[in-house]
Amino acid sequence: MFFIMTTTFLSLIKVFSIAASSHRIVETTVVETQRTANTLQFLVTNKSEIWRVESNGDKHRYSTNTTAIGDVDYHLGKNILIWIDAEKHAIHSQSLDINSTTPHVIFKQFKDWQPVALSVDFIGNKIYVADILGAKVDVFELDARYHAVAVGTDLVRPSDIKLDPYVGLLFILDGFRIVRASMDGSSSVSVIRQGIRGLHGFSIDLIDKRIYWARGADFQVMFSNYLGEEVQTLGKNSSSQLIWTKFTTFNGSVFWAGNFVNYKSRYRIEEKEKHGKSIYQSNPVPSIKVLHAAIQFPVSNPCGTDNGGCQQMCVLTSSSKNEKDKNRVSYTCACNIGWTLSENSKNCTLATDFLMYAQLNIMKSHLIERCTSSFCEPHLPIIGDKYIFRDFEYQYADNYLYYIKVMSLKYDAIYKVQPNNSVPEVFLLGKYENYQSLTIDRITSNLYFTDSLKGTINVVSTRNSSQKALILENLEQPEDIVIHQNKGFLFFFQTNQSTKITLLSRTNIDGSNLTVFHDVPLKKHCGFAIDVHDDTIYWYEWRKRHLQYSNLDVGEVRNLETSLTKYLYAISVHDKWIYVATTTSEGIWRFNKKTGEQPELILADFTNRITKVKVFSSNVQKMNSARRCIIHNGGCFEFCFGLPQDTNRSWTKVCANSNEEMCKNKNKCLSPPSS
C-alpha cells in the first residue's frame, strides 16, 4: 500500500484483504449464491450525513435532517435504515430506499443517555444500542414499543457493539477489552484483552465467525475466533487510522473510513497485492457498515411464532456450549423498563422489589427476585456527571427517587426524579451546607436529612419543599440516618473530631429524647441499616472487621460471623437477607441475616466500586395503622410527628410548622378549620 498526495482534502474508504483462508465457513449454498449475486455496498456516515456507496464509487445521500450522526445500521428484510442522532440523544429510522426523505424518531431520552453505537438483530427484529454514559447496552423493539437493559453491569466505557444473531452472540468494545455475551446479556466474558488501546471500533465477520481489531502498539489488524483464541495478524500492513475510526469486515477484508488532518492534502490509495485500494472519497467518515445480502440472509426466527409466548419482549440468546456449536440459538422473555418477569417467565408485572446502588457518579438498580443473569435492571441509570451521589431514598407513594448530589464546595443539593426517562429537578438546594444522608417517613412523606457542617438534622415535606424545620442541632458531624417509621425512631452516627470516636445515637422523629450510646464507641464504621421487621440495626466496624447488630435499645451488641472476610463498604437489609458491597469491586453480595451463611454474589461488577446499596420493597413501606398521623396528616397544618408511648403502647402526635418551635398540639399547628 502506498499514498499519492495531491491538493484537496478527502478521506477514503480503504480495505485490507487476504485470500480465503482454509478455515472459512460457508453456512449454506444460499449464502454462497447471495454473496456472488449481490453488489457490495457500504453505508458510511460523515458528520450529519449518511451515504450509500457502491463499490464502483457511485454514491447516494440519505436525507436525515440532523447535525450529528453517531452510528448507522440496517435491516434488509424490513427495508429500514436505523441511525443515531448523537446531538439529540435519539434513535431514528427510515426506509432503506435511497429516495427516503421521512426519518422518524423511534426513541429519545433527554438526559442520562449517550448512544454511541448500534447493531440490528435482523432475525429477532431488535435494536441494540451502546450507551457510553450509562455504561450499558440497551435493547429495543424496532418501533421502541418495549425497551430493556441487556447488559447493565461490569462495563466501564462501551463504545462499539456488534451482533451475530445467527448464533445469538453480542460483542462489546469496552475500554481496553472486547466482551462477548449472549444477546440477552448473560454469560458475559472478556475474550480480547491484549493490544486493545484507545480503539473507537472493532468488527466481526458473521460468515467466518471472527473478531477483528487493531493492535494499539503497531496498528496491525488482528483477528481471532469468537472465543478470542487462534489470534492472527491480517496481512503485513498497518494504519494508525484504525485506532480512531470504526471499521467493518466482509469476505476476508477489513474496510474503514480514512481521515487525514492536513486539509491541504489529498490522498489516493492504490491497490498493491490486494492489500489496499481506494473505493470512495468523501469528507471525514467516523462509521461504516457493509450492505450485502450475504450478511443478512433469511433464517427462521425462534421468536417468530406468537412472540415466543412472551408477553412483551422475546430476545434471542445463544444456547451453544462451545465454539463448534455455531447454530444453536434459543430465546428468552424480557420485560419493558419498570417491569419484571412473573413466575412463569413469560408474563410481566410491575417491579416493586429492587435494590439501588451508587458507583460514585452513577446510580443503577437491580432486581432482587426472579432474576438470574440478564434483564435485571428495572430502572434506567441516573448520571451525576462529574458529581457524586452520597445517599438516596425511594418513595413509593409518589414514585420519586430522592438523592443527595455533592456539587461543589459551596452547594449541595437534594434532587428528585421519577425513574425511567424523566428529567431530575432540584428539590432542595443548600448553600454552605454539607448534606450527608437522608431518610423518608412514608407515613407522613417527611424527608429527614443530616447536615454534617452545621451539625443539624432537618425535616422537609416531600409534598412542599418550602415546609422545612430544624429538629436537632449542636450535633457532631451527624451522618448515616435511618428511620423506623412504625416505632417513631431516628438512628444516626456522630463523630467527634478531636477523638475521632463515632457514637451511635437515637432520637424520636420530632427530635425529642435524644440518646447517645456511649457504650458503643466506634473508631470507623461503614454502612448502616435497619431491619424494621425484626427491630434490629446493623453496622460494620471497619477496624475490627466486624458486622455488628443490636436491638433498638442497643442493649447488647453482637457480631454476625460470615464467610465474607472482605472489608464491607455498604449494608442494606431486606427480608431474610443482608446485602453488602465490598471494597474489592466484586459487586453486591447477600447472606442470611441470622446466620451469616449462604453467601451469594447477586450482582457481579468487577470494574466499578459500589459505594452505597439500599433495598426498596413495597412490603417494607407498609404503614402502622396506629400512627395518629396516618389520616389527614393527623390534623396538623404542616408537620405531624407520631410518637410512641412506652406506658400503654399507644401513640401520640406532635405538630410543628416551618421554622417554629415544636408546638405540642397547640392550635396554631393544627390545620385551619374548613370554611
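A residue is called buried when its relative accessible area is under 20%, and this cut-off is used in the exercises below, which concern a predicted model.

**Exercise 1. The hairpin of β12 and β13**

Determine how strand β13 is covered, how β12 and β13 pair, and which residue of their hairpin takes a positive phi.

Solution. Begin with the covering of the strand: β13, which spans residues 147–151, is mostly covered, since five of its five residues are buried. Next comes the pairing, where β12 (residues 136–141) and β13 are joined in the antiparallel sense over four bridges, and where Phe-140 stands opposite His-147 of β13. Finally, the hairpin has five residues between the two strands, and Ala-144 there takes a positive phi near 60°.

**Exercise 2. The surroundings of Glu-141**

Decide whether Glu-141 is buried or exposed, and list the residues that Glu-141 touches beyond four places away in sequence.

Solution. The residue is first placed in its element, which is strand β12. Its relative accessibility is 8%, so Glu-141 counts as buried, the cut-off for that class being under 20%. When residues up to four places away in sequence are not counted, Glu-141 touches Asn-125, Lys-126, Ile-127, Tyr-146, Gln-312 and Met-313. For one of these, Ile-127, the separation from Glu-141 is 14 residues in sequence and 6.3 Å in space, taken from C-alpha to C-alpha.

**Exercise 3. The sheet that begins with β14**

Give the order of the strands in the open sheet of four strands, and explain why one side of β14 and of β17 is left without a neighbour in the sheet.

Solution. The order is β14-β15-β16-β17, and the pairing is antiparallel. Strands β14 and β17 (189–192) stand at the edges and have a single partner strand each, so one side of each is left without a neighbour in the sheet. On average, and with direction ignored, neighbouring strands of this sheet are turned by 30° against each other. At the β17 edge, three bridges join that strand to β16 (residues 177–182) in an antiparallel run, and there Arg-180 has Val-189 of β17 as its bridge partner.

**Exercise 4. Strand β40 and its two partners**

Work out which residues of β40 point each way, and how many bridges join β40 to β39 and to β41.

Solution. In β40 (residues 456–461), six of six residues are buried. Thr-456, Asn-458 and Val-460 point one way, whereas Ile-457, Val-459 and Ser-461 point the other way, and all of them are buried. This can be set beside the general rule that side chains in a regular strand alternate between the two faces of the sheet. Towards β39 (residues 446–451) there are six bridges, and the strands run antiparallel, with Thr-450 standing opposite Ile-457. The hairpin of β39 and β40 has four residues between the strands, and Gly-455 there takes a positive phi near 70°. Towards β41 (residues 468–472) there are four bridges, again antiparallel, and here Ile-457 has Leu-472 as its bridge partner. The hairpin that β40 forms with β41 has six residues between the strands.

**Exercise 5. The largest cavity**

State how much space lies in the largest cavity and how the residues of its lining divide by character.

Solution. The count of cavities of 30 Å³ or more comes to three, and the largest cavity holds about 290 Å³ of space. Its lining consists of 21 residues, of which Leu-163, Ile-204, Leu-206, Lys-289 and Ile-295 are the closest to the centre. Among the elements that give two or more residues to this lining are β14 (158–164), β18 (203–205) and β26 (287–291). By character, the lining divides into 11 nonpolar, six polar and four charged residues.

Technical notes: Residues numbered from 1 in each chain as written. Predicted model: local features only at pLDDT ≥ 70, side-chain atom pairs only at ≥ 80, totals over all residues. Heavy atoms only, no water. Buried < 20%, exposed > 50% of the residue type's maximum accessible area, 1.4 Å probe, protein only. Pairing = 2+ DSSP bridges. 1 Å grid on protein atoms, 1.4 Å probe; cavity = no way out; pocket = protein on both sides within 12 Å on 5 of 7 lines; lining within 4 Å. Points joined across faces, edges and corners; volume = space filled by probe spheres on them. Nonpolar A, V, L, I, M, F, W, Y, C, P; charged D, E, K, R; others polar. Axes fitted to C-alpha atoms, helices over the stretch in contact; angles between N-to-C directions. Contact = heavy atoms within 4.5 Å.
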